[in-house]
Amino acid sequence: LFALVLARKLHVPCLMTFVGGDVSEGPIWEEHKIDSINSIAQADGYSAYSESIVDDARSVANVSGLVPVIKTGLDLNKIQNIKPYNSRVPYIISARRLVYDKGLDILINAFADVSKQFPDLKLLIAGEGEEEKNLKDLAYALGLQNKIDFIGTIPLEKLYSYMKGAVAHICPSRSEGGGNVNIEASACGCIPIGTNIGGISEYIKDKETGLLFEPENSDDLAQKIIKVLHNDGTNDKLIKNGLAFAQGFSIESQADKYIKIYQKLGLKDRFIPW
């Protein structure tokens with residue numbers, strides 16, 4: 001709404017980008033949907049982070065016409081220059097908001113099975129949220145309190161360091177518009193494992209750049225983690241393909257796509273990106 005008001009006041013086009021939660025049915029959408037739908041209807045152009053989000057926008061906000069998909073961008077040069085975290089034991093990592101939709105309880109249940117075969121393996125969970133106590137209680141109930149480290153919110157550079165030293169990154173979401181963290185993992189040479197739901201399959205190419213597992217299925221997730229830990233010879237392929245796939249997500253390449261959209265919307269002569 002504010003973007004639309006400013007665009008009209010300044011006599012410039014208004015581009016609206018759908019990122020996921022903004023067009024997902026839930027309490028936030030319900031509270032603001034009247035203003036949102038009316039504002040969206042008056043936008044001059046759209047983009048979205050994934051095809052899955054485009055489908056959501058068409059469903060809940062009646063969006064029609066062309067909606068280009070522009071993925072979130074990565075600073076690949078920064079990632080390349082970060083050194084891997086040096087750990088004495090192997091570990092997997094999951095960087096998520098600690099809320100129900102992010103599915104950390106599914107991961108912890110899966111990790112309970114994995115740790116039976118790999119007792120030295122640790123799980124790092126980065127992030128904060130309302131489910132933190134429940135997740136710690138679950139870890140304690142499963143006897144995993146000494147194998148799971150809740151490391152809280154950390155700087156992006158430190159996360160990349162952890163990813164570079166990890167065996168895999170796990171994205172066990174119950175819903176996810178895109179899942180940029182999966183491509184960040186690939187860019188770090190860390191195998192991403194994610195739920196086959198929402199836009200995650202657009203950020204993980206199953207059996208090519210990472211692995212997908214069935215929604216809500218902790219047993220399937222455990223098997224995918226075990227597969228990577230056993231390394232049947234495919235890990236190197238997943239890492240190599242993932243690194244190549246991530247090159248298409250550079251900030252520069254994604255920014256160019258936005259510039260082209262703004263130019264098509266009528267700013268060809270006046271719009272100069274800084």
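How do the residues of the lining of the second largest pocket divide into nonpolar, polar and charged? In this predicted model, the lining comprises seven nonpolar, five polar and two charged residues. The space that lies in the second largest pocket amounts to about 280 Å³. Of the 14 residues that line this pocket, those closest to its centre are Leu-1, Asp-22, Trp-29, Ser-36 and Ile-40. Two elements, strand E1 (15-18) and helix H2 (27-41), give two or more residues to the lining of the second largest pocket, and the largest share of that lining, seven residues, comes from H2.

A separate point concerns the cysteines. The structure holds zero disulfides, and the positions of the sulfur atoms of particular cysteines can be set against the cut-off of 2.5 Å within which a pair of cysteine sulfur atoms counts as a disulfide. For Cys-171, the closest cysteine sulfur is that of Cys-190, and because these two sulfur atoms are 12 Å apart, they are too far from each other for a bond. Cys-190 is likewise in no disulfide, the nearest cysteine sulfur to its own being that of Cys-188, at 7.2 Å. With regard to solvent accessibility, Cys-171 has a relative accessibility of 0% and therefore counts as buried, while Cys-190, with a relative accessible area of 2%, is buried as well.

The backbone was also examined for residues with a positive phi. Most residues other than glycine have a negative phi. Against this background, His-11, although it is not a glycine, has a positive phi of about 60 degrees. His-11 is found in the loop between helix H1 (2-10) and E1, and E1 is one of the elements that give two or more residues to the lining of the second largest pocket. The relative accessibility of His-11 is 66%, so this residue counts as exposed.

A positive phi is also present at Asn-231, which is not a glycine and for which the angle is about 50 degrees. Asn-231 has its place in the loop between helix H10 (218-230) and helix H11 (235-246). Because its relative accessibility is 39%, Asn-231 counts as partly exposed, whereas His-11, at 66%, counts as exposed. Each of these residues is thus described by its phi, by the loop in which it lies and by its accessibility, with His-11 placed between H1 and E1 and Asn-231 between H10 and H11.

How values were computed:
Residues are numbered from 1 along each chain as its sequence is written. This is a predicted model: local features need pLDDT of at least 70, side-chain atom pairs count only at pLDDT 80 or more; totals for chains, interfaces and linings use all residues. Side-chain values use heavy atoms; hydrogens and water are left out. On a 1 Å grid over the protein atoms alone, a cavity is a set of points where a 1.4 Å probe fits but cannot get out, and a pocket is an open set with protein on both sides within 12 Å along at least five of seven lines; lining residues have an atom within 4 Å of a point. Grid points are joined across faces, edges and corners, and a volume is the space filled by probe spheres set on the points. Helices (H or I, at least four residues) and strands (E, at least two) are DSSP runs, numbered from the N terminus. Ala, Val, Leu, Ile, Met, Phe, Trp, Tyr, Cys and Pro count as nonpolar, Asp, Glu, Lys and Arg as charged, and the others, Gly among them, as polar. Buried means under 20% relative accessible area, exposed over 50%, partly exposed in between (1.4 Å probe, protein chains only).
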